[in-house]
Amino acid sequence: MAPADDEDAGRIHCRLDELLAERGMTLTKLAELVGVSLVNLSVLKNDRARAIRFSTLTAICDALQCEVGELLVVR
C-alpha cells in the first residue's frame, strides 16, 4: 500500500459546521463539552487539520451523537 500524499489528504472533508447547525450547537459549546481548544476545533472544521487523535474524534462524535462517517467524509 502506497503512503498517502498531500493530494489524498485534501479529499477528507469535515462536516462539523453542518452537524453543529443541525444540532443548534456552537463551536464554543462543543469545545467545552469535548475539552479541546476552540482553535483546534476551528482547524478541523475548516479542513486544515493534518491529524486527529482517536480520543478527540470519539469525544466529538459522543457530543454530537453521530458516527465518524457522518463527521468525516471522502470527497
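The following legends accompany close-up views of a predicted model of a protein.

**Figure 1. Overall arrangement of the predicted protein model.** The secondary structure of the protein consists of 6 helices and 2 strands. Followed along the sequence, these elements occur in the pattern α-β-α-α-α-α-α-β. The protein has 75 residues, of which 28% count as buried. Among the contacts with a separation of 6 or more, 61% are between residues 24 or more positions apart. The exposed surface of the protein comes to about 5,200 Å², and carbon and sulfur atoms supply 53% of that area.

**Figure 2. The buried side of helix 2 and its surroundings.** Helix 2 spans residues 16-23, and its residues Leu 16, Leu 19 and Leu 20 are buried. These residues lie on the same side of helix 2 because they cover an arc of only 100° around the axis. The cover over the buried residues of helix 2 includes strand 1 (12-14) and four helices that follow in the list: helix 3 (27-34), helix 4 (38-45), helix 5 (54-64) and helix 6 (68-71). On the face turned away from the buried side, helix 2 carries the exposed residues Ala 21 and Glu 22. Just after helix 2 comes Gly 24, which takes a positive phi of about 65°.

**Figure 3. A network of salt bridges at Arg 15, Glu 18, Glu 22 and Arg 23.** The count of salt bridges in the protein comes to 5. Side chains of opposite charge can pair when their charged atoms come close. In this view, Arg 15 meets Glu 18 in a salt bridge with an N to O distance of 3.0 Å. Arg 15 also forms a salt bridge with Glu 22, where the closest N and O atoms are 3.7 Å apart. Glu 22 in turn meets Arg 23 in a salt bridge at 3.3 Å, N to O. The four residues are thereby linked in a network. Their accessibilities are as follows. Arg 15 has a relative accessible area of 19%, so Arg 15 counts as buried, the limit being under 20%. Glu 18, at 33% relative accessibility, is partly exposed, as is Arg 23 at 31%. Glu 22 has a relative accessible area of 55% and is exposed.

**Figure 4. The buried and exposed sides of helix 5.** The buried residues of helix 5 are Thr 56, Leu 57, Ile 60, Cys 61 and Leu 64. They share one side of helix 5, because the arc that they cover around the axis is only 130°. These buried residues pack against helix 2, helix 3, helix 4, helix 6 and strand 2 (72-74). The other side of helix 5 holds the exposed residues Phe 54, Ser 55 and Asp 62. Gln 65, just after helix 5, takes a positive phi of about 50°.

**Figure 5. Cysteine residues without disulfides.** A disulfide is a covalent bond between the sulfur atoms of two cysteines. The count of disulfides in the protein comes to 0. Cys 14 is in no disulfide, and the nearest cysteine sulfur, that of Cys 66, is 9.1 Å away. Cys 61 is likewise in no disulfide; for Cys 61 the nearest cysteine sulfur is also that of Cys 66, at 3.9 Å. The distance of 3.9 Å does not satisfy the cut-off, because the two sulfur atoms of a disulfide must be within 2.5 Å. Cys 14 is buried, with a relative accessible area of 3%. Cys 61 counts as buried at 6% relative accessibility.

**Figure 6. The surroundings of His 13 in strand 1.** His 13 has its place in strand 1. The side chains of His 13 and Asp 47 are joined by a polar contact of 2.8 Å. Leaving aside residues up to four places away in sequence, His 13 touches Glu 18, Asp 47, Leu 71, Leu 72, Val 73 and Arg 75. One of these residues, Glu 18, also takes part in the salt bridge with Arg 15.

Terms used
Residues are numbered from 1 along each chain as its sequence is written. This is a predicted model: local features need pLDDT of at least 70, side-chain atom pairs count only at pLDDT 80 or more; totals for chains, interfaces and linings use all residues. Side-chain values use heavy atoms; hydrogens and water are left out. Buried means under 20% relative accessible area, exposed over 50%, partly exposed in between (1.4 Å probe, protein chains only). The arc is that of the directions from the helix axis to the C-beta atoms. Contact means heavy atoms within 4.5 Å. Accessible areas come from the Shrake-Rupley method with a 1.4 Å probe; for residues, only the protein chains shown count as cover. A salt bridge is a side-chain nitrogen of Lys or Arg within 4 Å of a carboxyl oxygen of Asp or Glu. A polar contact is a pair of N or O atoms within 3.5 Å; within protein, one must be able to donate a hydrogen and the other to accept it, and residues adjacent in sequence count only if both atoms are side-chain atoms.
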